[in-house]
Amino acid sequence: MLLEAVQSAFHFMLEAFKEEHGDTSELAPIDPTSRLHGTYFWRTLTSDDTAVEIRAEALRAFRRGFRIGRRGKPRTLTQPIPPMLTSPRYWGGPGYPEFPGPSAARERAIKALPFPANREELTARDEELRTLYATAWRDDVPEEDRIWAAEFRNACTMSVNSARRNALAQSAYEGYLQSSDGRFGGEPARPWPSLYHLAAEPWRSFVDRVEEAPEGESEQATAEAAVWEYWDTLYQEAPPWDSDPDRAHWLAAVRAARRKAQADDGPPAMGR
């Protein structure tokens with residue numbers, strides 16, 4: 001029953017991906033069951049040599065991937081932003097695709113120019129780019145520029161919202177530590193800037209759920225659901241809420257994230 005459920009979920013994910021993005025990879029001709037059976041995940045799940053704990057962790061990872069695939073990006077990453085007239089830091093960097101269209105070609109040409117000889121030339125070049133980027137936010141973008149414009153808008157939206165999401169996560173983390181006298185998991189906690197990705201990402205999932213709390217949901221219910229998301233990001237089961245010794249600290253984290261969101265004092269919409 002479990003393996004059949006996994007196969008059904010995998011088929012659903014694959015079909016949904018094909019419908020939205022297409023599938024031109026070398027694996028496209030292979031039927032979904034064969035693709036699943038060739039994965040490390042399936043071998044882990046079905047091998048007699050796999051420890052029970054590892055198998056459970058693999059299932060939680062698959063479950064989380066399935067849930068994320070179905071719901072899409074969290075609201076924290078998709079909120080509308082004012083037009084940005086400067087590009088995100090990573091835009092057009094090494095490995096970034098070269099988009100078609102005259103606006104994309106003009107942007108590449110400007111960025112390929114030698115470094116400006118003086119401040120006036122630098123200002124003029126920046127203004128030329130700002131004018132170009134303003135066209136990406138127009139409602140009447142020419143057909144030949146639409147791919148470039150859509151990708152630019154998406155990159156800007158992700159950049160601003162990621163910074164805001166990170167600020168909310170930091171506030172939640174620090175709110176927890178203020179409540180717990182600076183300890184997490186029974187140990188002295190590190191400051192937010194020194195957390196590595198694996199330790200910080202669960203807090204981003206935590207604030208995703210706080211931001212998406214249904215209207216009228218109690219603070220405690222929001223905290224319980226957000227804690228579940230926290231531990232699910234780590235592919236671990238959350239402690240039962242009613243017996244969780246850290247409930248007061250989690251509630252403090254929810255309140256801190258909400259204060260930050262309501263204050264609207266996160267990172268500004270860059271380049272307006």
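The exercises below work through the fold, the cores and the salt bridges of one predicted model.

Residues are numbered from 1 along each chain as its sequence is written, and side-chain values use heavy atoms, with hydrogens and water left out. Because the model is predicted, local features need pLDDT of at least 70 and side-chain atom pairs count only at pLDDT 80 or more, while totals for chains, interfaces and linings use all residues.

**Exercise 1. Describe the chain as a whole: which elements does it hold, and in what order do they run from the N terminus?**

Step 1. Helices (H or I, at least four residues) and strands (E, at least two) are taken as DSSP runs, numbered from the N terminus. On this basis the chain has 10 helices and 2 strands, and their order is α-α-α-α-α-α-α-β-β-α-α-α.

Step 2. Turn to the surface, where accessible areas come from the Shrake-Rupley method with a 1.4 Å probe and, for residues, only the protein chains shown count as cover. The accessible surface comes to about 16,300 Å², and carbon and sulfur atoms hold 54% of this area.

Step 3. Buried means under 20% relative accessible area, exposed over 50%, and partly exposed in between (1.4 Å probe, protein chains only). Of the 272 residues, 35% count as buried.

Step 4. With contact defined as heavy atoms within 4.5 Å, consider the contacts with a separation of 6 or more: 65% of them come from residues 24 or more positions apart.

**Exercise 2. Locate the largest nonpolar core: which elements give two or more residues to this core?**

Step 1. A nonpolar core is a set of buried Ala, Val, Leu, Ile, Met, Phe, Trp, Tyr and Cys residues joined through side-chain atoms within 4.5 Å. The largest has 26 residues, and those touching the most other members are Ala172, Trp192, Trp203, Phe206, Val207, Tyr230 and Trp250.

Step 2. Two or more residues each are given to this core by helix H7 (146–179), helix H8 (197–211), helix H9 (219–233) and H10.

Step 3. Take Trp192 as an example: leaving aside neighbours within four places in sequence, its contacts include Ala169, Tyr173, Trp203 and Arg204.

Step 4. A second, separate core of 18 residues includes Trp91, Trp137, Phe152 and Ala155.

**Exercise 3. Analyse the salt bridge of Asp208: with which residue does Asp208 pair, and is Asp208 buried or exposed?**

Step 1. A salt bridge is a side-chain nitrogen of Lys or Arg within 4 Å of a carboxyl oxygen of Asp or Glu, and the whole structure contains 12 of them.

Step 2. Asp208 pairs with Arg165, their closest N and O atoms being 2.7 Å apart. Since Asp208 lies in helix H8 and Arg165 in helix H7, the pair ties together parts that are 43 residues apart in sequence.

Step 3. Asp208 is buried at a relative accessible area of 5%, and Arg165 is likewise buried at 10%. Salt bridges with shared partners join Arg165, Glu201, Arg204 and Asp208 into one network.

**Exercise 4. Examine the salt bridge between Glu107 and Lys111: in which helix do both residues lie?**

Step 1. The closest N and O atoms of Glu107 and Lys111 are 3.5 Å apart.

Step 2. Both residues lie in helix H5 (residues 102–111), 4 residues apart, about one turn of the helix.

Step 3. Glu107 counts as buried, with 6% relative accessibility, whereas Lys111 counts as partly exposed, with 41%.
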